[in-house]
Amino acid sequence: MPLQHERIALPTPMFLHCARFYQTRSCRFSAMLTVSCIVFLLLVSSFPQRASAMYNLTLPGQHPNPDHVAQDLHRKVNGSIWRREMLSKEAGSSCMTGNPIDDCWRCDPNWQLNRQRLADCGIGFGQYALGGKGGRYYVVTDSSDHDPVTPRPGTLRYAVIQTEPLWIVFASNMLIQLSEELIFNSYKTLDGRGANVHIIGGGCLTLQYISNVIIHNVHIHHCYQSGETNIRSSPTHYGWRGKSDGDGISVFGARDIWIDHCSMSHCKDGLIDVVMGSTGVTISNNHFSHHNEVMLLGHSDDYLPDSGMQVTIAFNHFGKKLIQRMPRCRRGYIHVVNNDFTRWEMYAIGGSGNPTINSQGNRYIAPYDRNAKEVTKRVDTAEGDWRGWNWRSEGDIMANGAYFVASGQGVEVKYEKAYSIEPKSAAYIDQITFNAGVLGSRRNNMGKWTAGNNTSGGDLDANSGIFGDYEDDYSGSWRPCSAHSILKTFLTALSLFLFLSFK
């Protein structure tokens with residue numbers, strides 16, 4: 001019997017649903033569900049291979065009109081910027097940044113007493129991700145990960161495999177060195193606010209055939225290949241896993257996923273992969289650096305279910321020493337909006353398999369290499385084939401010779417109608433992306449975990465963790481360190497150095 005989270009290539013997302021039903025009902029299919037699957041397959045097989053992303057409804061949870069989602073995002077950004085300007089004029093200052101996600105929760109001085117409000121602040125295609133909203137708070141008190149089959153209570157692995165909704169927080173600053181892939185179950189929020197949490201090692205995070213996950217405010221880096229062993233994926237199932245790719249976050253056949261305010265770098269394969277019929281994904285407010293193939297969206301040119309993939313990439317900072325794939329798209333509808341691209345070595349946005357790429361209000365700063373000024377790259381595709389692909393740039397700022405090669409015929413009127421609210425220009429990029437990456441690494445004094453009105457857990461100190469006053473390479477000034485914190489930081493750095501030297 002296949003494990004719930006095994007990598008099994010199935011013809012359509014409906015079959016993924018059928019397979020999950022098969023596993024959870026002890027090998028019994030109801031006649032009604034079987035007929036439904038067959039009818040669904042017949043309908044999907046009748047769609048033209050080149051159907052547009054707007055009408056190719058191949059995935060559960062796929063939005064029927066992605067342009068409306070993009071327009072709604074612009075409306076929220078414009079509203080946040082307007083409120084910031086109005087409040088600044090009236091009071092002389094404002095906590096508002098113009099970033100609709102941050103303005104949704106950070107202006108509340110007591111936000112830590114209602115952490116689950118974050119789930120109401122999503123935008124774009126992943127805005128319906130509930131995470132662990134409505135569930136209990138689970139406090140990670142143990143940073144170890146010694147046994148991927150029998151994880152100990154208090155560890156992160158024990159939390160993410162549970163079947164119930166959980167809002168996962170951290171008792172203190174932590175370096176979590178994964179022994180194997182960390183396989184999530186549905187309805188989980190990873191909330192690193194108030195602690196300096198680093199996740200490294202084998203895997204790292206795998207979101208496979210699940211839904212409703214929020215990953216917020218954690219460092220994910222130095223992830224490498226692992227596997228060829230048994231790993232638990234739920235309280236009642238564990239099974240053999242093949243070798244992982246070494247992605248930072250792998251979204252595989254999943255939907256309603258939101259990745260926000262993470263700092264990611266130095267992984268074996270991609271920092272984020274969204275593949276195999278995943279949809280309803282937002283990747284926002286992250287800081288990416290020191291990596292080759294940053295982000296892959298879509299399994300292959302020939303995998304038709306990815307035509308229904310819908311991903312929003314918003315308010316991110318693509319920083320130092322990135323080479324390519326920001327993102328690299330195969331099929332689907334990709335909305336790239338209000339991001340800051342500060343140089344690349346090969347290209348920023350690439351694609352094949354006729355994806356729709358909608359670039360709006362970004363700032364593209366080209367490298368000094370005169371042969372790498374183009375933002376876009378059609379991968380292994382002749383011009384005669386990609387000339388009709390729908391790739392558009394609107395309100396983007398091109399700096400240092402950057403240029404975007406648009407394509408697509410007869411779409412000008414459509415875009416004028418869909419975006420009657422003009423995207424904010426890249427002049428606002430510094431303001432909107434100022435806090436990209438993990439909060440607390442720059443000028444933000446994030447509060448510690450406290451039970452308060454959060455209904456469970458204890459008043460646990462997040463200011464006395466193993467990382468002391470660690471800052472990443474995107475950080476501002478350092479704070480004074482105590483001798484105790486310096487010693488702990490030195491020991492942690494030494495452990496990480498030895499780990500990387502002998503792995």
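Strand 13 and strand 16 (residues 279-284) run parallel in this predicted model, with five bridges joining the two. One of the pairings puts Arg 255 together with Thr 279, its bridge partner in strand 16. On to strand 8 (residues 211-216): this strand is also parallel to strand 13, and again five bridges do the joining. Here His 216 has Asp 260 of strand 13 as its bridge partner. Strand 13 itself covers residues 255-260, and five of its six residues are buried, so the rest of the structure largely encloses it.

These strands belong to an open sheet of 10 strands with parallel pairing, laid out in the order 1-2-5-8-13-16-20-24-27-30. At the edges stand strand 1 (136-140) and strand 30 (391-394); each has a single partner strand, so one side of each has no neighbour in the sheet. As for twist, neighbouring strands of this sheet are turned against each other by 10 degrees on average, ignoring direction. The partner of edge strand 30 is strand 27 (residues 356-360), and the two run parallel with four bridges between them. Within that pair, Ile 357 sits opposite Trp 391 of strand 30.

Parallel pairing turns up again around strand 26 (residues 349-352). Three bridges link strand 23 (residues 328-330) to strand 26 in the parallel sense, and Cys 329 stands opposite Gly 351 of strand 26. Another three bridges connect strand 26 with strand 29 (residues 376-378), also parallel; there, Ile 349 faces Thr 376 of strand 29. What about the two faces of strand 26? Ile 349 and Gly 351 point one way, Gly 350 and Ser 352 point the other way, and all of them are buried.

Now for the side-chain packing. As a rule, nonpolar side chains in soluble globular proteins tend to be buried together. The largest nonpolar core of this model has 66 residues, and the members touching the most others are Leu 156, Leu 205, Ile 249 and Phe 288. A second core, separate from that one, has 23 residues, including Leu 118, Ile 214, Ala 314 and Phe 315. Back to Leu 156: setting aside neighbours within four places in sequence, its contacts are Val 140, Asp 142, Ile 168, Phe 170, Ile 176, Leu 182, Leu 190 and Ile 199.

Charged side chains are worth a look too. Arg 363 lies in strand 28 (residues 363-365). With a relative accessibility of 17%, Arg 363 falls under the 20% cut-off and therefore counts as buried. Its side chain makes a polar contact with the side chain of Asp 430, at 2.6 Å.

Zooming out to the whole chain, there are nine helices and 31 strands. The chain has 503 residues, of which 58% count as buried. If one takes contacts between residues at least 6 apart in sequence, 64% of them join residues at least 24 apart. The accessible surface of the chain adds up to about 20,600 Å², with 54% of it belonging to carbon and sulfur atoms.

Note on methods
Residues are numbered from 1 along each chain as its sequence is written. This is a predicted model: local features need pLDDT of at least 70, side-chain atom pairs count only at pLDDT 80 or more; totals for chains, interfaces and linings use all residues. Side-chain values use heavy atoms; hydrogens and water are left out. Buried means under 20% relative accessible area, exposed over 50%, partly exposed in between (1.4 Å probe, protein chains only). Two strands pair if DSSP finds at least two bridges between them. A nonpolar core is a set of buried Ala, Val, Leu, Ile, Met, Phe, Trp, Tyr and Cys residues joined through side-chain atoms within 4.5 Å. Contact means heavy atoms within 4.5 Å. A polar contact is a pair of N or O atoms within 3.5 Å; within protein, one must be able to donate a hydrogen and the other to accept it, and residues adjacent in sequence count only if both atoms are side-chain atoms. Accessible areas come from the Shrake-Rupley method with a 1.4 Å probe; for residues, only the protein chains shown count as cover. Axes are lines fitted to C-alpha atoms, for helices over the stretch in contact, and angles run from 0 to 180 degrees between N-to-C directions.
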